[in-house]
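Q: Please take a close look at one part of this model, the second largest pocket. What classes of residue does its lining have? After that, show me what else there is to see.

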Amino acid sequence: MGRKVGVEVSIAAADAVGLCDVDVVAAYPITPQTHVVEHLSELCASGELDAEFVPVESEHSAMSVCCGSSAAGARTFTSTSAQGLALMAEIVFIASSMRFPIVMLLANRALSAPLSIWNDHSDTMMVRDSGWIQIFCENGQEVYDAIFHSFRVAEDPRVSLPVMINVDGFNLTHVIEPIEFWSKEMVGKYLPPFKPLYTLHPSKVVSMGAFGMPEIYTEARKAQDEALWKSYPVIKQGWDELAELTGRKYSPVECYKTEGADTIILAMGSICETASLAVDKMREDGKKVGLVKLRLWRPLPVDDIKKALRGAKDVLVLDRAVSFGAANAPVTSEIRSIMYHEPDRPNVHNIIAGLGGRDVTPDHVIKMVESALVDTNYGYNIFGVRS
Amino acid sequence: MAETEKKKVIKPIKNFSLEEYISSGHRACQGCAEVLAVRHVLKAIGPDMILAMATGCMEIISSPYPLTSWNVPWIHVAFENAAAVASGVESGLKALRRKGRVPDKDITIVAMGGDGGTTDIGFQALSGMMERGHKVIYVCVDNEAYMNTGIQRSSSTPFGATTTTSPAGKNAPAGQMTWKKDMVAIAAAHGIPYTATACPSFFTDLQKKVQKAKEIQGPSYIHILSVCPTGWRIQPNKAIEYGQLAVDSGVFPLYEVEQGIWKLNRKPKELKPVSEYFKGQGRYRHLDESLTTEIQEKINSRWKKLLDQCGEKTEK
């Protein structure tokens, strides 16, 4: 077993990337991602990590460099946030369509305007449909473990897709947490060397990134969608074997005190820890409230979600992004759509909270549950807006 | 066959590869000098290369899935990022070679884009690639407009040319009212070891320059004038001729900048008048005498400046 130390989550994540013996890191500085790549550049400079650190001139080029290096057969990592993700978005979509197993840590941050460097999920929701595997982390240990898991899943020949690790900016990236580090031997057992299916090399000539006529584009899209769905068992297998190695069990959907719960809160990311405190308090007060943590966002674990929410009368989805002019916020959209055809479907309430770094406390979550339960307008509300 | 014709012997060109790395059957327009330029670039480098290509004419004519014209490893990602993708390929291979995961073979990395993908939308990625010092040959195949999307102006379209987005009219008598961006000088200003202009009408010069770039450590930039019969409104059999005229009229001089030293590669005894180059090109049909004179004056002053930069005598 590895050692447990108190360390900033960004630094731990970078150390994990280093332990994975990545070949190329390409990144542009953006708050609150910076500590991740700063530490990686230190590791490269000191020789602790034998990788090419490519300090690019923009996030657009960061993802482009990642595509190039991944195509060459190199294990590739990048990290960004908000506006950076927006700038690289074009290539984010192409990376998954071209099946490059890049791993990206996204330090979740609000989008401009007004300019905000603080946390919410507006950035990741922008690329929700980009075809990446997307996972959310609740605490530092999860972030650290996710790095090894992500490379393993991404590079699995049955998958060959990029993975986005969502880490709440500042709320998680900049906090010091007790993290159990992996040893090199553990990584060696868990993460096989990257053996890409196709690479750019004169020994075997390939053309990558051809254009698709209307006769082929739909089929290509269908194949890509199937590939993302097929990653689901590989993701689960990765977590199962991670549990054998570390004793920490992760799954696509996780239930906390949901047994016999009438009301279930569903959330993603670090706000789950806050919500779990609220659940504890409400349970103490005799209220039948539970929490469902959604860790895997793409591919969406539809059946697991159905199972987790079965039996609840009310579900409160805590969204961290606004979908302007839409029926509801992004996560709620999915939950309402999943539950619509279920027998005894629950009322699905939607509250958007914690935008642009606005603090959310356990008491706030309790208030949200109370207000949602008396709300019969099944649209969405933004919590705590000052008039 | 007449006796005299029989005696004509074509001299073998030294180092000229008989291999074809872009195969025939591609979908380029008739008489396309750009695909000819690409062919010569590839011949000059040989099989041990990886090519990252920007979206544009060359990508579209060569890669309609499931077909490909490329006999070398080839990758296309997007319009503006050929230089960045090439940077990634170079960095990836560097790390993999160091770690012994790919054979320690010398592979030339090439990035290629049209004038739009180079001087406009791909400008930043190119600047980044050159500044960071990746060992990549960047080749701009300049046909002086966005030909792939139907002849729209770029910052490499010359003053006086009409395109579908720089049409000549009362308020824009010249059509394109701005002067062609001097991408070669900008590349040279990055302090990279090798920069050059070339044109497939002078293909031995072109191949020599590409081979030079291949041997040089660090980034290199080659700007190739690629005559486009479709966009320039000329007959398909005139591409080579107009390339020669562009060079010999001083519109597109052939020179190189090696380790900061400028060198002229072709010095006509006397520049041909630009009107001779314009003649027959539909894109210049609207130009009157005064505009032609204005352009001629600009060419003369630029030529003089270039001769100075190249340390050539400027007696005239």
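A: By class, the lining of the second largest pocket has 18 nonpolar, 5 polar and 7 charged residues. Keep in mind that this is a predicted model. The volume of this pocket is about 630 Å³. It is lined by 30 residues. Closest to its centre are Asp182(B), Gly250(B), Val251(B), Pro253(B) and Arg302(B). Three helices of chain B each give two or more residues to this lining: H7 (183-189), H11 (274-278) and H12 (289-309). H12(B) gives the most, with 9 residues.

Stay with H11(B) for a moment. Tyr277(B) lies in this helix, while Trp232(B) lies in helix H9 (residues 229-232) of chain B. Their ring centres are 6.5 Å apart and their planes stand at 90°, so the pair is edge-to-face. The two are 45 residues apart in sequence, so the pair ties together separate parts of the chain. Are these two residues buried or exposed? Both Trp232(B) and Tyr277(B) are buried.

That pair belongs to a wider topic. Over all chains, a search finds 15 aromatic pairs. One is formed by Phe16(B) and Phe203(B). Their centres are 5.9 Å apart, with 70° between the planes, and the pair is edge-to-face. Along the chain the partners sit 187 residues apart. Phe16(B) is in the loop between helix H1 (3-7) and helix H2 (33-45) of chain B, and Phe203(B) is in helix H8 (residues 203-215) of chain B. Neither counts as buried, because buried means under 20% relative accessible area. Phe16(B) has 24%, so it counts as partly exposed. Phe203(B) has 27%, so it is partly exposed too. Chain A has an aromatic cluster, in which ring pairs link Tyr144(A), Phe148(A), Phe181(A), Trp182(A) and Tyr190(A).

Now set the largest pocket beside the one you asked about. Its volume is about 1300 Å³. Its lining has 38 residues. Ser97(A), Met98(A), Arg99(A), Gly209(A) and Tyr65(B) lie nearest its centre. In chain A, helix H3 (59-71), helix H4 (82-97), strand E9 (207-208) and helix H8 (214-246) each give two or more residues to the lining. H8(A) gives the most, with 6 residues. By class, this lining divides into 23 nonpolar, 9 polar and 6 charged residues.

Next, the interior. The largest nonpolar core has 133 residues. Met63(A), Ile75(B) and Tyr221(B) have the most contacts inside it. Take Met63(A). Leaving aside neighbours within four places in sequence, Met63(A) is in contact with eight residues, namely Thr78(A), Met88(A), Ile91(A), Val92(A), Ala95(A), Ile102(A), Met104(A) and Trp132(A). Apart from this core lies another, of 54 residues. Its members include Ala16(A), Leu43(A), Leu105(A) and Phe151(A).

Finish with one helix. H6 of chain B runs over residues 123-132. Its buried residues are Ala125(B), Leu126(B), Gly128(B), Met129(B), Met130(B) and Arg132(B). An α-helix has 3.6 residues a turn, so residues three or four places apart point the same way. After H6(B) comes Gly133(B), with a positive phi, near 80°.

Terms used:
Residues are numbered from 1 along each chain as its sequence is written. Chains are lettered from A and ligands numbered from 1 in the order in which they are written. This is a predicted model: local features need pLDDT of at least 70, side-chain atom pairs count only at pLDDT 80 or more; totals for chains, interfaces and linings use all residues. Side-chain values use heavy atoms; hydrogens and water are left out. A nonpolar core is a set of buried Ala, Val, Leu, Ile, Met, Phe, Trp, Tyr and Cys residues joined through side-chain atoms within 4.5 Å. Buried means under 20% relative accessible area, exposed over 50%, partly exposed in between (1.4 Å probe, protein chains only). Contact means heavy atoms within 4.5 Å. On a 1 Å grid over the protein atoms alone, a cavity is a set of points where a 1.4 Å probe fits but cannot get out, and a pocket is an open set with protein on both sides within 12 Å along at least five of seven lines; lining residues have an atom within 4 Å of a point. Grid points are joined across faces, edges and corners, and a volume is the space filled by probe spheres set on the points. Helices (H or I, at least four residues) and strands (E, at least two) are DSSP runs, numbered from the N terminus. Ala, Val, Leu, Ile, Met, Phe, Trp, Tyr, Cys and Pro count as nonpolar, Asp, Glu, Lys and Arg as charged, and the others, Gly among them, as polar. Rings of Phe, Tyr and Trp (its six-membered ring) pair if their centres lie within 6.5 Å; planes under 30 degrees apart count as stacked, over 60 as edge-to-face and the rest as tilted.
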